[in-house]
Amino acid sequence: ANRPQRARHEAHMTAINIGEVSKGTKLLIDNAPWLVQEVNFVKPGKGNAFYKLRVMNLLTRNVLEKTIRGGEKMETADVADVEMSFLYNDANGYVFMDQTSFEQISVTPERVGDDRDFLLENMIVSVTLWNGEPIALRLPNTVTMEIEYTEPAVKGDTQSRVMKPAKLKVTGAEIKVPIFVATGDKVQVNTQTREYAGRVEK
C-alpha cells in the first residue's frame, strides 16, 4: 500500500543516559510520553548516586516524581511541538493545518477539551505530536474575544472587583467579567486560567 510520506514524523526510539536528561526532555515511560519538568542529582554520603525527576504525562497531564539510578538508560519519546492554524471543526473533530508543510490533521474533541472555548478560525496554536499523532494543544496565553451577551454595564465603575457572567461570541463559552464590561466589547481572556485579562480599546 502507498502510505503518504510522513518522514519527519516517523517514530524513532533513542536511548540516552540519565545524565543527559534535562528539563524539557521528553521520555517514553511505560509506553507513554512524559515531559521532564525538573531534574535533581542526588549523591548520598554512601551508596550510589541517583536522579530525582519530576515528569508530566503528556496524555493525562498527571505529574509524578521518579527516582532513577545513575548510569541508567532512558528511552526518549518521539514528541514534537508543531505550529498549526485552526481551520474548522466538524463531527469528527477539529482540523488544523501545519504552517510549514500545509498538511492537515484532525484532533479529537477529547484531546481539544475545554480549549475549544477559545479556538477561533486561523488562530495559531502549538500542537503536540507523538509518533505523528496529535495528543495535546497549546493555545496562545491570551486571546481576544467579543462579548455576545452580558448584563448591562455599570457606567463609570472601572475599578470594580465585582464580576458578572458573560457569553463569548463564536464559541458560546461563559467567563466572568467586571461589571463595567458591555455586550459588544472585545476582551482579553487568559486561556490557561479562563479569566478576564483586560478590555481591548475600540
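An open sheet of 5 strands, in the order β14-β13-β12-β15-β16 and with antiparallel pairing, is a good place to start in this predicted model. Its edge strands are β14 (174-178) and β16 (195-200), each of which pairs on one side only. Neighbouring strands of the sheet are turned by 55° against each other on average, direction ignored. Here strands (E, at least two residues) and helices (H or I, at least four residues) are DSSP runs, numbered from the N terminus, and two strands pair if DSSP finds at least two bridges between them. Axes are lines fitted to C-alpha atoms, for helices over the stretch in contact, with angles from 0 to 180 degrees between N-to-C directions. The model is predicted, so that local features need pLDDT of at least 70 and side-chain atom pairs count only at pLDDT 80 or more, while totals for chains, interfaces and linings use all residues. Residues are numbered from 1 along each chain as its sequence is written, and side-chain values use heavy atoms, with hydrogens and water left out.

Within this sheet, strand β12 (residues 142-150) runs antiparallel to strand β15 (residues 186-190), and 5 bridges join the two. In that pairing V143 stands opposite V189 of β15. On β12 there is also an antiparallel connection to strand β13 (residues 163-168), made by 3 bridges, with Y149 facing K167 of β13. Strands β15 and β16 likewise pair in the antiparallel sense, over 5 bridges, and Q188 stands opposite G198 in β16.

Attention can now turn to the nonpolar cores. A nonpolar core is a set of buried Ala, Val, Leu, Ile, Met, Phe, Trp, Tyr and Cys residues joined through side-chain atoms within 4.5 Å; buried means under 20% relative accessible area, exposed over 50%, and partly exposed in between (1.4 Å probe, protein chains only). The largest core holds 29 residues, of which F96, F118, L119, V125 and V127 touch the most other members. At least two residues of this core come from each of β7 (79-90), β8 (93-98), β9 (104-107), β10 (124-130), β12, β13, β14 and β15. Leaving aside neighbours within four places in sequence, V127 is in contact (heavy atoms within 4.5 Å) with A80, D81, V82, M84, F96, I105, P134, A136 and L137. A second, separate core has 13 residues, including I18, L27, Y51 and I68.

What of the charged side chains? Side chains of opposite charge can pair when their charged atoms come close. With a salt bridge taken as a side-chain nitrogen of Lys or Arg within 4 Å of a carboxyl oxygen of Asp or Glu, the count comes to 6. One of them joins D81 and K26 (3.6 Å, N to O). Because D81 lies in strand β7 and K26 in strand β2 (residues 26-29), this pair ties together parts that are 55 residues apart in sequence. D81 is partly exposed, at 39% relative accessibility.

R54 forms a salt bridge with E38, their closest N and O atoms being 3.0 Å apart. Since R54 belongs to strand β4 (residues 50-57) and E38 to strand β3 (residues 32-42), the pair ties together parts 16 residues apart in sequence. Both count as partly exposed, R54 at 29% relative accessibility and E38 at 34%.

The side chains of K169 and E146 also meet in a salt bridge (3.2 Å, N to O). This pair links distant parts of the chain, 23 residues apart, with K169 in the loop between β13 and β14 and E146 in strand β12. K169 is partly exposed, with a relative accessible area of 36%, and E146 is partly exposed at 25%.
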